[in-house]
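This briefing is for a reader who is new to the structure shown below. It starts with one strand, goes on to the sheet and the helices, and ends with a single residue.

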Amino acid sequence: MGFLVDLRSDTVTIPPKEMLETILEAELGDDVYGEDPTVKELEELAAEKMGKEAALLVTSGTQANLVSIMAHTRHGDEVIVEAESHIYNYEVGGLAAVAGVMPRLVNGEMGFMKPEDIESVLRPENIHFPKTTLVAIENTHNRAGGTVITPKQMEAVSEVVKRHSLKLYVDGARIFNAAVALNVKPVKLVEEADSVSFCLSKGLACPVGSLVCGSKSFVERTRKIRKMLGGGMRQAGVIAAPGIYALTHMVSRLKEDHENAKKLALGLSKMDSISIDLRRVQTNIVIFTLDNLSVENFVSRLSERGVKVSAIGSRKVRMVTHFGIEKKHINYVLDVVKEVLEE
Ligand code: TLP
């Protein structure tokens, strides 16, 4: 039997009915006036989960990164980001175009920028140089294959960051995947960070929304910047209610997505003409290279058989497991890939 299996991203998840039902029950108000009780409840819950003083509901992960960078920096500052990071690669250059900061790239190892590599690009005080103010970490790291940054790695980065009086921000779009994979509370992953954002609309299966968490004064700055960017929302409780449901019901099930990703990766690793680094398959993302087949061709032939996947550049393919994808779908995808490769 054939299936329709969409592995392009965990952003394609359809929310469960119980989650959508919370919208009808949500108490609403105008959040620009600070009067939506459901938004307030979600923001308090998010802050508590991340061990920070306060949180702000924003429209997307991209907006979360932008308002956070803007709140931590001034125009002309330099921000250290990993070369393959989402902020640098997939956010329409917003950090330069809107935040007005200069990205300084550091190559990571499996998404992790080593402290000595960060330190090596820091500039001494000099009239010619921009001021470096911020280091941004991505956990899990998307383009590295959903790899996790551990509390120990965070500690090591934080030592350099603090010694040079910089700020540390975590793009934690998938921080709950990292926490579940490492079997730690998310707060352990961001203790050292000044701020963190996470997405509701990826593995947590919400229709929309991200949260930015940090100190009270930082979050107040992001609130004003969000308004400036047109992100002040009115009865945003309709977005917050699913978020509350997600944080209480959708986190622990992420381990199923990780198991499915491992099963998928293992199956793919046994096929000729696929190269995959299994060490990188730590959460719900599977990235592999096709040795002698065009990615474009592969993606379209899979799609003809009901399997949607993403191309990353001309050589790599990404598959992401998520809510709604079960073992039977993984078996189906493996059969389809085998068939396509044998054609
Ligand atoms: N990533 C999306 C695409 O934009 C590539 C995906 O399908 O993985 N940080 C990280 C680490 C992300 O992976 C993403 C989304 C974002 C931020 C931005 O989130 P949204 O899409 O809500 O703006």
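**A covered strand and its sheet**

Strand β8 is covered on both faces: Ser210, Val212 and Gly214 on one side, and Leu211 and Cys213 on the other, are all buried. The model is a predicted one. In it, β8 spans residues 210-214, and 5 of its 5 residues are buried, so the rest of the structure largely encloses this strand. In a regular strand, side chains alternate between the two faces of the sheet. The strand belongs to an open sheet of 7 strands, ordered β2-β8-β7-β6-β5-β3-β4, with mixed pairing.

**The sheet as a whole**

- The edges of the sheet are β2 and β4 (102-106), each of which pairs on one side only.
- From one strand to the next, the twist averages 20°.

**Neighbours of β8**

- Strand β2 (residues 54-58) runs antiparallel to β8, and 5 bridges join the two.
- Within that pair, leucine 57 stands opposite leucine 211 of β8.
- Strand β7 (residues 195-199) also pairs with β8 in the antiparallel sense, over 4 bridges.
- Serine 197 has valine 212 in β8 as its bridge partner.

**Strand β5 and its partners**

- Strand β5 covers residues 132-138 and is mostly covered, with 7 of its 7 residues buried.
- Strand β3 (residues 78-82) pairs with β5 in the parallel sense, over 3 bridges.
- Valine 79 has leucine 134 in β5 as its bridge partner, and isoleucine 80 stands opposite valine 135 in β5.
- Strand β6 (residues 167-171) runs parallel to β5, and 5 bridges join them.
- Valine 135 is partnered by leucine 168 in β6, and isoleucine 137 by valine 170 in β6.
- Valine 135 thus appears in two places: opposite isoleucine 80, and as the bridge partner of leucine 168 in β6.
- Strand β6 is mostly covered too, with 4 of its 5 residues buried.

**Helices α3 and α10**

- Two packed helices are described by the angle between their axes and the distance between the axes.
- Helix α3 (residues 61-72) and helix α10 (residues 216-228) pack at an angle of about 120°, and their axes are 9 Å apart.
- The two helices, α3 and α10, are therefore oblique to each other.
- Their crossing, that of α3 and α10, is right-handed.
- On the α3 side, the residues that meet α10 are Gln63, Val67, Ser68, Met70, Ala71 and His72.
- On the α10 side, the residues that meet α3 are Phe218, Arg221, Thr222, Ile225, Arg226 and Met228.
- By class, this contact of α3 with α10 has 6 nonpolar, 4 polar and 2 charged residues.

**How these helices lie on the sheet**

- Helix α3 packs on the sheet and touches β2, β3, β5, β6, β7 and β8.
- The direction of α3 makes about 175° with that of β6.
- Helix α10 lies across β2, β7 and β8, and runs at about 20° to β2.
- Strands β2, β7 and β8 are thus among those touched by α3, and α10 lies across them as well.

**Helices α1 and α11**

- Helix α1 (residues 17-25) packs with helix α11 (residues 237-249) at an angle of about 140°, with the axes 8 Å apart.
- That angle makes α1 oblique to α11.
- The crossing of α1 and α11 is right-handed.
- Glu18, Met19, Thr22 and Ile23 in α1 meet Val238, Ala241, Pro242, Tyr245 and Ala246 in α11.
- The residues of this contact of α1 with α11 divide into 7 nonpolar, 1 polar and 1 charged.

**Leucine 7**

- Leucine 7 lies in the loop between β1 (5-6) and α1.
- Its relative accessible area is 0%, so leucine 7 is buried, the cut-off being under 20%.
- Leaving out residues up to four places away in sequence, leucine 7 touches Leu264, Lys308, Val309, Arg318, Met319, Val320, Ile325 and Val333.
- Leucine 7 and isoleucine 330 are 323 residues apart along the chain, and their C-alpha atoms are separated by 9.9 Å.

How values were computed:
Residues numbered from 1 in each chain as written. Predicted model: local features only at pLDDT ≥ 70, side-chain atom pairs only at ≥ 80, totals over all residues. Heavy atoms only, no water. Axes fitted to C-alpha atoms, helices over the stretch in contact; angles between N-to-C directions. Parallel < 35°, antiparallel > 145°, perpendicular 65-115°, else oblique. Left-handed = near helix turned anticlockwise from the far one by under 90°. Contact = heavy atoms within 4.5 Å. Nonpolar A, V, L, I, M, F, W, Y, C, P; charged D, E, K, R; others polar. Buried < 20%, exposed > 50% of the residue type's maximum accessible area, 1.4 Å probe, protein only. Pairing = 2+ DSSP bridges.
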